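Dear colleague,

I am passing on a structure for you to look over, and my notes on what was found in it follow below. Please read them with the model open beside you.

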Amino acid sequence: MNDTTQLPPLPDRLSIDPRSKFHVAAVFEHDVGIRFNDKERLDVDEYCISEGWIKVPAGKSLDRFGNPMLIKLKGKVEAFYR
């Protein structure tokens, strides 16, 4: 596989919500993976590497706007391109 395109650098903080100021659309054109405490997580909505946390949905509960309720988990966070 000879990929000639340059991957954008992964930011310190990233969110999948397009309304967030931490959403970077160029990063989501590629497949991004998150490793939390040495295990890959597939349900991460937002992360911050320097502060060491991720936000994940809390079950099936929704807020009053229909968005999933998020909980913050603290630990070692690594972001990478798959």
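**Pockets**

The second largest pocket is lined by Ser-15, Ile-16, Asp-17, Arg-19, Ser-20, Asp-45, Glu-46, Asn-67, Pro-68 and Leu-70. Please bear in mind throughout that this is a predicted model. The space in this second largest pocket comes to about 170 Å³, and its lining residues divide by class into 3 nonpolar, 3 polar and 4 charged.

The largest pocket holds about 220 Å³ of space. Its lining is made up of 16 residues, and those closest to the centre of the pocket are Ile-16, Phe-28, Val-32, Ile-34 and Val-44. Sorted by class, the lining of the largest pocket contains 8 nonpolar, 3 polar and 5 charged residues. Strands E1, E2 (32-36) and E4 each contribute at least two residues to the lining of the largest pocket, and E2 gives the most, with 3 residues.

**The sheet of four strands**

Four strands form an open sheet in the order E1-E4-E5-E6, and the pairing within it is antiparallel. Its edge strands are E1 (13-15) and E6, each of which pairs on one side only, and the twist from one strand to the next averages 20 degrees.

Within this sheet, strand E4, which covers residues 46-48, runs antiparallel to strand E5, which covers residues 53-62, and 3 bridges join the two. One of the pairings can be followed at residue level, since Cys-48 has Trp-53 of E5 as its bridge partner. The hairpin of E4 and E5 has 4 residues between the strands, and in this hairpin Gly-52 takes a positive phi near 75 degrees.

On the other pairing of E5, strand E6 (residues 68-74) is joined to E5 in the antiparallel sense over 6 bridges. Trp-53 stands opposite Lys-74 in E6, while Ile-54 stands opposite Leu-73 in E6. Trp-53 is thus a residue to look at in both pairings, with Cys-48 as a bridge partner and Lys-74 opposite in E6. The hairpin of E5 and E6 has 5 residues between the strands, and here Gly-66 takes a positive phi, near 90 degrees.

**The sheet of three strands**

A further open sheet is formed by 3 strands in the order E3-E2-E7, again with antiparallel pairing. E3 and strand E7 (77-81) are its edge strands, each pairing on one side only, and the twist from one strand to the next averages 35 degrees. E2 and E3 are paired in the antiparallel sense over 3 bridges, and in this pairing Arg-35 has Glu-40 of E3 as its bridge partner.

The loop between E2 and E3 (39-41) deserves a separate look, as it holds Asn-37 and also Asp-38. Asn-37 has a phi near 50 degrees, which is a positive value in a residue other than glycine, and Asp-38 likewise has a positive phi, near 65 degrees, in a residue other than glycine. How accessible are Asn-37 and Asp-38? Because its relative accessibility is 40%, Asn-37 counts as partly exposed. Asp-38, on the other hand, has a relative accessible area of 53% and is therefore exposed, the cut-off for that class being over 50%.

**The nonpolar core**

In soluble globular proteins, nonpolar side chains tend to be buried together. In this model, the largest nonpolar core has 10 residues, namely Leu-14, Val-27, Val-32, Ile-34, Phe-36, Val-44, Tyr-47, Ile-54, Val-56 and Val-77. E2 and E5 each supply at least two residues of this core, and E2 gives the most to it, with 3 residues.

Strand E2 therefore recurs through these notes, and it may help to see its roles side by side: E2 lies between E3 and E7 in the order of the sheet of 3 strands, E2 gives the most to the lining of the largest pocket, and E2 gives the most to the largest nonpolar core. Some individual residues recur as well, among them Val-32, Ile-34 and Val-44, which are listed with the residues closest to the centre of the largest pocket and also with the members of the largest nonpolar core. Ile-54, which stands opposite Leu-73 in E6, is likewise one of the residues of that core.

With best wishes

Note on methods:
Residues are numbered from 1 along each chain as its sequence is written. This is a predicted model: local features need pLDDT of at least 70, side-chain atom pairs count only at pLDDT 80 or more; totals for chains, interfaces and linings use all residues. Side-chain values use heavy atoms; hydrogens and water are left out. Two strands pair if DSSP finds at least two bridges between them. Axes are lines fitted to C-alpha atoms, for helices over the stretch in contact, and angles run from 0 to 180 degrees between N-to-C directions. On a 1 Å grid over the protein atoms alone, a cavity is a set of points where a 1.4 Å probe fits but cannot get out, and a pocket is an open set with protein on both sides within 12 Å along at least five of seven lines; lining residues have an atom within 4 Å of a point. Grid points are joined across faces, edges and corners, and a volume is the space filled by probe spheres set on the points. Ala, Val, Leu, Ile, Met, Phe, Trp, Tyr, Cys and Pro count as nonpolar, Asp, Glu, Lys and Arg as charged, and the others, Gly among them, as polar. Buried means under 20% relative accessible area, exposed over 50%, partly exposed in between (1.4 Å probe, protein chains only). A nonpolar core is a set of buried Ala, Val, Leu, Ile, Met, Phe, Trp, Tyr and Cys residues joined through side-chain atoms within 4.5 Å.
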